[in-house]
Amino acid sequence: MKPIEIHPSLLAADFSDLRGAMKMAEAAGADAIHCDVMDGHYVPNISFGAPIIKAIKKHTGLPLRTHLMIEHPELYVDDFVNAGSYEVTVHAEACIHLNRVVNLIKSKGVQAGVSLNPSTPLCMIKHVLKDIDVLLLMSVNPGFGGQSFIPETVAKIREAAEMRAAAGADFSIAVDGGVDLKTAPLVAEAGAEQLIVGTASFGAPDMTEAVKNIRAAAEDARK
C-alpha cells in the first residue's frame, strides 16, 4: 500500500508571497507542491506558466508536480521540465495521441501523469495503464479553486484502483478538487494515495495543523 501524500495546490497560495508559501508548505509537512497551469482555452481560467515554476523551484526542496490544463500540452513539455517539474500531468481529453505524449514526458526523465475530468470514463486510459506514473482524477470540473467535491468521484477512484490491480500496473491515484478534512477519508478509503489540497491547506488558519489532520484522517480511513 502506497503512503498517503498531501500536495498543497499552488493555486490557493498567496501569489504576492510565493517564497513564503513554499516555506509554509515545507514547514507543514507537505510531500509535494501541485502546480495548476491553465491556458484560458482548455479551462475557463488563466493561472501561470513555466516562469512561475522556475521561480518557486529556487525556494523549495519539495517536488513540483505540474498539472497542465491546457490545449496541445505536448508543445510545452520541455518548458515545464526545464523549469523544474518533477512530474508533468496532461489531460487525456486534450491529447489526440495520448500514448505519444506520455512517452514524450517520460523521455525527459520525469514522471508522467494523466488526468481525467469528472465526466470522462476510465476507459480513456485503458491502453496507457502501465505507462503512467500517476492517474489524477478530478473531483471538480477544472478551472477554478474552491469548488465543492463531486461525490461520484469516490466510486470512480474505487474503479480505478480495481483497474490498476487487474492490469498489474503501479501508478499512484491522485484526486484533485474539494479535498478537505471531510472528503479526504472518503477518497483514501476508495484507493487514492495523493491528495491535492488547495483551500483546505494554504487557505487554512494553521496550515501545519490542517495538513496533519487531513493526513491522519486519510490514513485512519484505510485501517
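Which residues of helix α4 (residues 98–107) are buried? The points below address this and two further sites.

1. The model is predicted: local features need pLDDT of at least 70, side-chain atom pairs count only at pLDDT 80 or more, and totals for chains, interfaces and linings use all residues. Residues are numbered from 1 along each chain as its sequence is written, and side-chain values use heavy atoms, with hydrogens and water left out.

2. In helix α4, the buried residues are Leu98, Val101, Val102 and Ile105. Buried means under 20% relative accessible area, exposed over 50%, and partly exposed in between (1.4 Å probe, protein chains only). Helices (H or I, at least four residues) and strands (E, at least two) are DSSP runs, numbered from the N terminus.

3. These buried residues lie on the same side of α4 because they cover an arc of only 100° around the axis; the arc is that of the directions from the helix axis to the C-beta atoms. Arg100 and Ser107, on the other side of α4, are exposed.

4. The cover over the buried residues of α4 includes α3 (77–83), β4 (87–91) and β5 (111–116). Gly109, just after α4, has a positive phi of about 85°.

5. Ser139 sits in the loop between β6 (134–138) and α5 (153–167) and is buried, at a relative accessible area of 0%. Leaving aside neighbours within four places in sequence, its contacts (heavy atoms within 4.5 Å) include Ser148, Thr153 and Asp176.

6. Ile33, in strand β2 (residues 33–38), is buried at 0% relative accessibility. Beyond its neighbours within four places in sequence, Ile33 is in contact with residues including Pro8, Met22 and Leu64.
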